[in-house]
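Reader: I would like to learn how to read a few local features of a model, taking each one slowly. Could we begin with the general idea and then turn to the case at hand?

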Amino acid sequence: MKTADVLIAVNGKNVAKDDVNTAVEKIRGKIGTTVKVTVKRDGKTMTFSMKRAKITTDTVEGSMSKTNKTIGIITMDTFSDPTSKQFESTVKKLRKQGAKSFVLDLRGNPGGELTQALAIASMCLKNGQTIVKVQDRTGAVQTYKAGKKYDKGFKVTEPMAILIDGNSASASEILSAALNENNKTPLVGEQSFGKGTVQNVASMSSSAELKLTVAKWLTPNGTWINKKGLTPTIKVKYPDYMNITAFSVTSMKLGDESGDVKSLQQLLKALGNNPQTENGYYGPSTQAAVKAFQSAHGLTADGAANTATLQALVAELSTKYANDDPQLNAAVKALTK
């Protein structure tokens with residue numbers, strides 16, 4: 001598979017309207033089984049058969065704030081087997097670089113393994129503080145508390161702020177709630193997803209699985225956030241340009257008319273190449289804006305939004321946001337006070 005492939009189906013079932021988390025869950029499955037993934041590439045439909053395997057990747061990244069060299073930024077993509085160890089090593093690395101406080105970026109983190117959330121939360125809490133409560137179907141509650149059992153004696157005592165958004169779910173919410181309710185760690189960004197259930201997944205066959213909800217989890221103070229999410233301490237919305245609808249095609253040209261063209265026009269405007277309209281019609285003014293962008297980025301300036309041009313536009317927008325991230329700026333400001 002390649003960048004810009006558009007996911008259409010998983011094992012023959014259409015997922016075009018599914019959100020990212022739902023589609024990913026359908027692709028995942030028992031190790032050793034096969035999954036068929038259908039994508040659209042350059043106008044053609046292609047199906048790949050892939051064998052599921054356990055893949056260990058870096059789930060944690062660390063860097064120093066560009067505006068405050070005493071603040072370390074820790075980005076966590078998911079909660080998998082190596083996450084807690086990677087979190088510990090990242091904290092140690094940033095400490096050596098001068099970090100006196102940390103921003104933990106959990107935006108877009110869909111969750112993962114509870115054990116990893118317990119370990120990281122325990123590292124950031126005092127022994128004996130409640131991390132999470134799990135209530136089974138009978139009403140019995142099991143309380144998980146910070147301690148050496150989970151953190152192996154490693155502690156993070158520096159001030160923290162946590163970034164969340166609508167795709168921060170499950171284990172991300174467990175960690176965020178634990179630090180917020182125990183340490184008053186500020187949550188910055190947008191309302192989180194709101195997944196307050198504990199589920200077991202069993203493989204039924206190579207193409208089917210059973211997901212059983214076995215319990216619900218509660219925050220340390222006993223709140224069930226299911227379908228409600230966590231409310232940020234400091235509310236900061238994404239810029240409007242971050243809500244531009246993703247492209248469903250790989251190229252556009254003069255005379256086209258669609259929602260994708262409107263997205264193209266909105267993206268061009270956000271990057272300073274104003275097409276003069278956002279009406280969804282690829283007219284001369286849009287063509288001129290595309291040409292201007294292509295010329296500025298070393299692309300063939302023919303005014304047609306081909307795959308290379310669309311990829312460059314998306315990359316440029318990502319760079320723009322990274323350089324001016326209002327949510328991250330708010331978190332850094334909160335730690336600077």
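Reader: Over the ring of which residue does the charged end of Lys-216 sit?

Author: The model is predicted, and what follows should be read in that light. A charge is taken to sit over a ring if it meets both a distance limit, within 6 Å of the ring centre, and an angle limit, within 35 degrees of the ring normal. Here the ring belongs to Trp-224, and the charged end of Lys-216 lies 4.4 Å from its centre.

Reader: How many aromatic pairs are there by the rule for rings?

Author: The count comes to one aromatic pair. Its members are Tyr-238 and Tyr-321, with 5.8 Å from centre to centre and 45° between the planes, an arrangement that is classed as tilted. The pair links distant parts of the chain, since Tyr-238 belongs to the loop between β14 and α6 while Tyr-321 belongs to helix α8, 83 residues apart.

Reader: Does Tyr-238 count as buried or exposed, and why?

Author: Buried means under 20% relative accessible area. Tyr-238 has 18% relative accessibility and therefore counts as buried; Tyr-321, at 8%, counts as buried too.

Reader: Which strand pairs with β8, and in what sense?

Author: In a regular strand the side chains alternate between the two faces of the sheet. In this model β8, residues 130–136, has five of its seven residues buried, and β8 pairs with β9, residues 141–145, in the antiparallel sense over five bridges. Within that pairing Lys-133 stands opposite Thr-143. The two strands form a hairpin with four residues between them, and Gly-139 in the turn has a positive phi of about 100°.

Key. Residues are numbered from 1 along each chain as its sequence is written. This is a predicted model: local features need pLDDT of at least 70, side-chain atom pairs count only at pLDDT 80 or more; totals for chains, interfaces and linings use all residues. Side-chain values use heavy atoms; hydrogens and water are left out. Buried means under 20% relative accessible area, exposed over 50%, partly exposed in between (1.4 Å probe, protein chains only). Two strands pair if DSSP finds at least two bridges between them. Rings of Phe, Tyr and Trp (its six-membered ring) pair if their centres lie within 6.5 Å; planes under 30 degrees apart count as stacked, over 60 as edge-to-face and the rest as tilted.
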